[in-house]
Amino acid sequence: MRTQELAPAKINLALDILGRRADGYHELRMVMQTVSLHDTVSVQETEGDFTLHVDGESFRPGETSMEERAAEAFFRAVGRSMPGISVT
């Protein structure tokens, strides 16, 4: 199964860091405005592991991307093991 969606861009008009949460992330208060730019994101289930293909980006060996962590959290929340996923 493959799905493709537009991911609208945004501009932060205000960004306040309120403090660190117990999970290591920060609590934020933001005022955002969307703009007419967007990325096109394609997600496809595969037989292998999680892969991420991004133009102009590089990742350190062994680094887990934010996208992979989000996919892991989603499948954990729905009580299902994560399949192989390719994100472009």
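**Entry 1: the sheet**

I started with the strands and found an open sheet of four, in the order β1-β2-β4-β3, with mixed pairing. β1 and β3 stand at the edges with a single partner strand each, so one side of each has no neighbour in the sheet. A reminder to myself before going on: this is a predicted model.

Next I went through the pairings one by one. β1 and β2 run antiparallel and are joined by 16 bridges. β2, which covers residues 26–46, also runs antiparallel to β4, with four bridges between them. β3 is residues 51–52, and two bridges tie β3 to β4 in a parallel arrangement.

**Entry 2: who faces whom**

I wanted some residue pairs to click on. Thr-3 has Val-43 of β2 as its bridge partner. Val-43 in turn has Val-87 of β4 as a bridge partner. That gave me a path I could follow from Thr-3 to Val-43 and on to Val-87.

A second path goes through Ser-86. Gln-44 stands opposite Ser-86 in β4, and Thr-51 has Ser-86 as its bridge partner too.

I also looked at the hairpin of β1 and β2. Five residues lie between the two strands, and Gly-24 takes a positive phi near 95° there.

**Entry 3: strand β4**

Are the faces of β4 covered or open? I checked residues 84–87 and found both faces covered. Gly-84 and Ser-86 are buried on one side, and Ile-85 and Val-87 are buried on the other.

**Entry 4: Ala-7**

I picked Ala-7 as a spot to look at in strand β1. Its relative accessible area is 31%, so I noted Ala-7 as partly exposed, in between the buried limit of 20% and the exposed limit of 50%.

Ala-7 and Asp-39 are 32 residues apart in sequence, yet their C-alpha atoms are 5.1 Å apart in space. Setting aside neighbours within four places in sequence, I found Ala-7 in contact with His-38, Asp-39 and Val-41.

**Entry 5: two serines**

Ser-42 came next, and its place is in strand β2. Its relative accessibility is 11%, and because buried means under 20%, Ser-42 counts as buried.

What do the side chains of Arg-2 and Gln-4 do at Ser-42? The Arg-2 side chain makes a polar contact of 3.2 Å with the side chain of Ser-42. The Gln-4 side chain makes one of 3.1 Å with the side chain of Ser-42. Leaving out residues up to four places away in sequence, Ser-42 touches Arg-2, Thr-3, Gln-4, Ser-86, Val-87 and Thr-88.

Then I moved to Ser-65, in the loop between β3 and α1. Ser-65 counts as buried as well, because its relative accessibility is 8%. Where does its side chain reach? I traced the side chain of Ser-65 to the backbone nitrogen of Glu-68, at 3.1 Å. Again leaving out residues up to four places away in sequence, Ser-65 touches Phe-50, Leu-52 and Phe-59.

**Entry 6: the largest pocket**

Time to look for empty space. Rolling a probe the size of a water molecule over the atoms shows where such space is left.

The largest pocket has a volume of about 340 Å³. It is lined by 15 residues, and the closest to its centre are Asp-39, Leu-52, His-53, Val-54 and Glu-67. I had already met Asp-39 as a contact of Ala-7 and Leu-52 as a contact of Ser-65.

Which element gives the most to this lining? I found that β2 does, with three residues. β2 and α1 (66–77) each supply at least two. By class, I noted six nonpolar, four polar and five charged residues in the lining of the largest pocket.

**Entry 7: the second largest pocket**

The second largest pocket has a volume of about 240 Å³. I listed its lining as Met-1, Arg-2, Thr-3, Val-43, Gln-44, Glu-45, Ala-71, Phe-74, Phe-75, Arg-80, Pro-83 and Ile-85. β1 (2–20), β2 and α1 each give at least two residues to this lining. Seven of the lining residues are nonpolar, two are polar and three are charged.

Some names here were familiar. Thr-3 and Val-43, both in this lining, are the bridge partners I noted between β1 and β2. Arg-2, also in the lining, is the residue whose side chain joins that of Ser-42 in a polar contact. Ile-85 lines this pocket too, and I had marked Ile-85 as buried in β4.

Definitions and conventions. Residues are numbered from 1 along each chain as its sequence is written. This is a predicted model: local features need pLDDT of at least 70, side-chain atom pairs count only at pLDDT 80 or more; totals for chains, interfaces and linings use all residues. Side-chain values use heavy atoms; hydrogens and water are left out. Buried means under 20% relative accessible area, exposed over 50%, partly exposed in between (1.4 Å probe, protein chains only). Two strands pair if DSSP finds at least two bridges between them. On a 1 Å grid over the protein atoms alone, a cavity is a set of points where a 1.4 Å probe fits but cannot get out, and a pocket is an open set with protein on both sides within 12 Å along at least five of seven lines; lining residues have an atom within 4 Å of a point. Grid points are joined across faces, edges and corners, and a volume is the space filled by probe spheres set on the points. Ala, Val, Leu, Ile, Met, Phe, Trp, Tyr, Cys and Pro count as nonpolar, Asp, Glu, Lys and Arg as charged, and the others, Gly among them, as polar. A polar contact is a pair of N or O atoms within 3.5 Å; within protein, one must be able to donate a hydrogen and the other to accept it, and residues adjacent in sequence count only if both atoms are side-chain atoms. Contact means heavy atoms within 4.5 Å.
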